[in-house]
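Visitor: Please take me through the enclosed empty space in this model. I would like a close look at what lines it.

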Amino acid sequence: MWGRRFLILAGLMSLSMPALGQGATTAPTFTDITYGSEKAPITVVEYASLSCPHCAHFHSDILPKLKARFIDNGQVRLVVKDIPNNAPGLRAAQLARCLGDDKHARLADVLFKTQAQWLNNDFMNGLARIGALAGVGPAQFQACMANRQVEDFMIRRQQEAGQRWQVMGTPTFIINDGAARVEEASEAKLFAALEKLGAKPAP
């Protein structure tokens with residue numbers, strides 16, 4: 001069983017939140033979390049949601065093995081693209097980007113590791129508590145949740161993943177621009193796909 005089916009996020013666009021940066025002529029972009037060298041012969045793009053338990057499993061249990069086996073030896077580069085699949089995932093993604101690109105990876109890692117603590121019916125208060133531990137005060141937290149630019153970017157990315165790669169759940173791994181794909185957090189399937197494309201595992 002792989003990731004959850006996506007919920008339609010378009011309805012979230014109608015939330016009565018103040019839009020930041022109105023009048024901008026171009027949509028902002030945000031840096032992805034990456035592991036490994038840009039010169040690696042194999043690039044894996046992971047589409048993940050911070051509210052996806054399977055994604056949390058990948059990042060806590062499989063990613064360390066992927067790094068040791070293929071990333072640290074220069075064979076594979078991993079690019080993590082967050083595509084929220086529900087309201088908690090969207091708000092978690094907004095929090096993860098609250099402190100800027102330089103702290104995005106660390107905060108996303110914390111959100112995956114503490115998923116059981118905040119992913120419930122009271123997820124907004126749970127996220128606020130996680131944010132406070134990371135130095136995000138109440139006013140800043142509210143501003144992050146009201147950041148329409150981040151919200152719009154996340155929703156566009158979710159739509160683009162569906163249109164370009166027919167991503168219907170998380171995690172989905174697109175390898176070398178579609179040469180292979182893995183649609184679950186399976187160490188065996190992911191590593192086999194990498195080796196089939198020529199990745200040489202560390203001894």
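Guide: First, the residue classes: Ala, Val, Leu, Ile, Met, Phe, Trp, Tyr, Cys and Pro count as nonpolar, Asp, Glu, Lys and Arg as charged, and the others, Gly among them, as polar. The model is predicted. On those classes, the lining of the second largest cavity divides into seven nonpolar residues, one polar and one charged. These residues are Ile 33, Tyr 35, His 59, Leu 63, Val 80, Ala 105, Ala 108, Asp 109 and Phe 112. Strand E1 (33-35), helix H1 (53-71) and H3 are the elements that each give two or more residues to this lining. H3 gives the most, with four residues. The volume of the second largest cavity is about 50 Å³.

Now the largest cavity. It holds about 70 Å³ of space. Its lining consists of Ile 33, Ala 48, Ser 49, Leu 50, Val 80, Asp 82, His 104, Ala 108 and Phe 112. Two elements, strand E3 (76-82) and helix H3 (101-113), give two or more residues to it. H3 again supplies the largest share, here three residues. By class, this lining has six nonpolar, two polar and one charged residues.

Put the two linings side by side. Ile 33, Val 80, Ala 108 and Phe 112 appear in both. Asp 82 lines the largest cavity, and Asp 109 lines the second largest. His 104 belongs to the lining of the largest cavity, while His 59 belongs to that of the second largest. The search of the whole structure finds two cavities of 30 Å³ or more.

Methods:
Residues numbered from 1 in each chain as written. Predicted model: local features only at pLDDT ≥ 70, side-chain atom pairs only at ≥ 80, totals over all residues. Heavy atoms only, no water. 1 Å grid on protein atoms, 1.4 Å probe; cavity = no way out; pocket = protein on both sides within 12 Å on 5 of 7 lines; lining within 4 Å. Points joined across faces, edges and corners; volume = space filled by probe spheres on them.
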